[in-house]
Amino acid sequence: MSYSELAVYIIEIIGTIAFASSGAMIGIRRNMDIFGINVLAVTTALGGGLIRDLVLGINPPNMFRDSSYAIVSIVTACLLFGLFRLRQDLLASHFVETYEKWMNVMDAIGLGAFTAIGIDTALNVGYNSIFLLIFVGVITGIGGGMIRDIMAGMMPFVFVKHVYACASIAGAVLCLVLRLFLGDTLAMILSAAVVVLIRLLAAHYRWNLPRVQ
């Protein structure tokens, strides 16, 4: 494994942990049992990649060919379940607020990484349609969270909060533009960084898209 491949893999794992954590936390707050919490964790972390692979005709999808991501998601969910089962008082403390701030940063990293990786996966398979590349990049980043919210009986986060999907779209477009000048690896890293920056700024300043009041 080259240095760039290792760096991308580490970023993927960070994103997987962050997405799995968000799914597990929603499961805990919705009073699900440990199985339901694990299902939400795995769905959030791997759902976007699953949709991407189905769209691209990758069979079986990567989540079934490389189980490390699913294992990381399950371990993350079980650790959170164990922590909050033993210390239920933490759910009503400042610990959760601090924890979620860190998870927001990791989630932003995951969104940026998965957006760029989604595009890279489509290119490696041989597709070059701009619309398709942007779509699979964005769906890799946001698809798992959308499925998670629907399964938990909630309005999908991407429809109502902090330009989440738009950050992914911006990163996907930028990735395709930068590839023309900088090469694949650097384009992925820079575009992912832009997604992270937009997400953190949007969360900090409460940026939202216009809506009918």
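**Figure 1. The second largest pocket of the predicted model encloses about 710 Å³ of space.** This close-up, like those that follow, is drawn from a predicted model rather than from an experiment. Of the 35 residues that line the second largest pocket, E12, N62, Y69, I117 and T121 are the closest to its centre. At least two lining residues come from each of α1, α2 (34-56), α3 (62-65), α5, α6 and α8, and the element that gives the most to this lining is α2, which contributes 8 residues. Sorted by residue class, the lining of the second largest pocket comprises 13 nonpolar, 14 polar and 8 charged residues.

**Figure 2. The largest pocket holds about 970 Å³ of space.** Its lining is made up of 33 residues, among which S22, E100, N104, F157 and R199 are the closest to the centre of the pocket. Two or more residues of this lining are given by each of α1 (3-29), α5 (94-125), α6 (130-151) and α8 (184-205). Helix α1 gives the most to the lining of the largest pocket, with 7 residues. The residues of that lining divide into 15 nonpolar, 8 polar and 10 charged.

**Figure 3. One aromatic pair is present in the structure.** The ring centres of F19 and F114 are 5.3 Å apart and the ring planes meet at 70°, and because an angle over 60 degrees counts as edge-to-face, the pair is assigned to that class. Since F19 belongs to helix α1 and F114 to helix α5, the pair ties together parts that lie 95 residues apart in sequence. Both rings belong to buried residues under the cut-off of 20% relative accessible area: F19 has a relative accessible area of 3%, and F114 has a relative accessibility of 7%.

**Figure 4. The surroundings of T115 in helix α5.** With a relative accessibility of 1%, T115 counts as buried, because this value falls under 20%. The side chain of T115 makes a polar contact, at 2.8 Å, with the side chain of S168. Leaving aside residues up to four places away in sequence, T115 touches G137, G141, S168, G171 and A172, so that S168 appears both among the residues touched by T115 and as its partner in the side-chain polar contact.

**Figure 5. The surroundings of S21 in helix α1.** The relative accessible area of S21 is 2%, and S21 is therefore classed as buried, the cut-off being 20%. When residues up to four places away in sequence are not counted, the residues that S21 touches are T76, L80, Y99 and M103.

**Figure 6. W102, a residue of helix α5, at the protein surface as judged by accessibility.** In contrast to the buried T115 of the same helix, W102 counts as exposed, because its relative accessibility of 60% is over the 50% that the class requires. A distance of 20 Å separates the C-alpha atom of W102 from that of R87, and these two residues are 15 residues apart along the chain.

Technical notes:
Residues are numbered from 1 along each chain as its sequence is written. This is a predicted model: local features need pLDDT of at least 70, side-chain atom pairs count only at pLDDT 80 or more; totals for chains, interfaces and linings use all residues. Side-chain values use heavy atoms; hydrogens and water are left out. On a 1 Å grid over the protein atoms alone, a cavity is a set of points where a 1.4 Å probe fits but cannot get out, and a pocket is an open set with protein on both sides within 12 Å along at least five of seven lines; lining residues have an atom within 4 Å of a point. Grid points are joined across faces, edges and corners, and a volume is the space filled by probe spheres set on the points. Helices (H or I, at least four residues) and strands (E, at least two) are DSSP runs, numbered from the N terminus. Ala, Val, Leu, Ile, Met, Phe, Trp, Tyr, Cys and Pro count as nonpolar, Asp, Glu, Lys and Arg as charged, and the others, Gly among them, as polar. Rings of Phe, Tyr and Trp (its six-membered ring) pair if their centres lie within 6.5 Å; planes under 30 degrees apart count as stacked, over 60 as edge-to-face and the rest as tilted. Buried means under 20% relative accessible area, exposed over 50%, partly exposed in between (1.4 Å probe, protein chains only). A polar contact is a pair of N or O atoms within 3.5 Å; within protein, one must be able to donate a hydrogen and the other to accept it, and residues adjacent in sequence count only if both atoms are side-chain atoms. Contact means heavy atoms within 4.5 Å.
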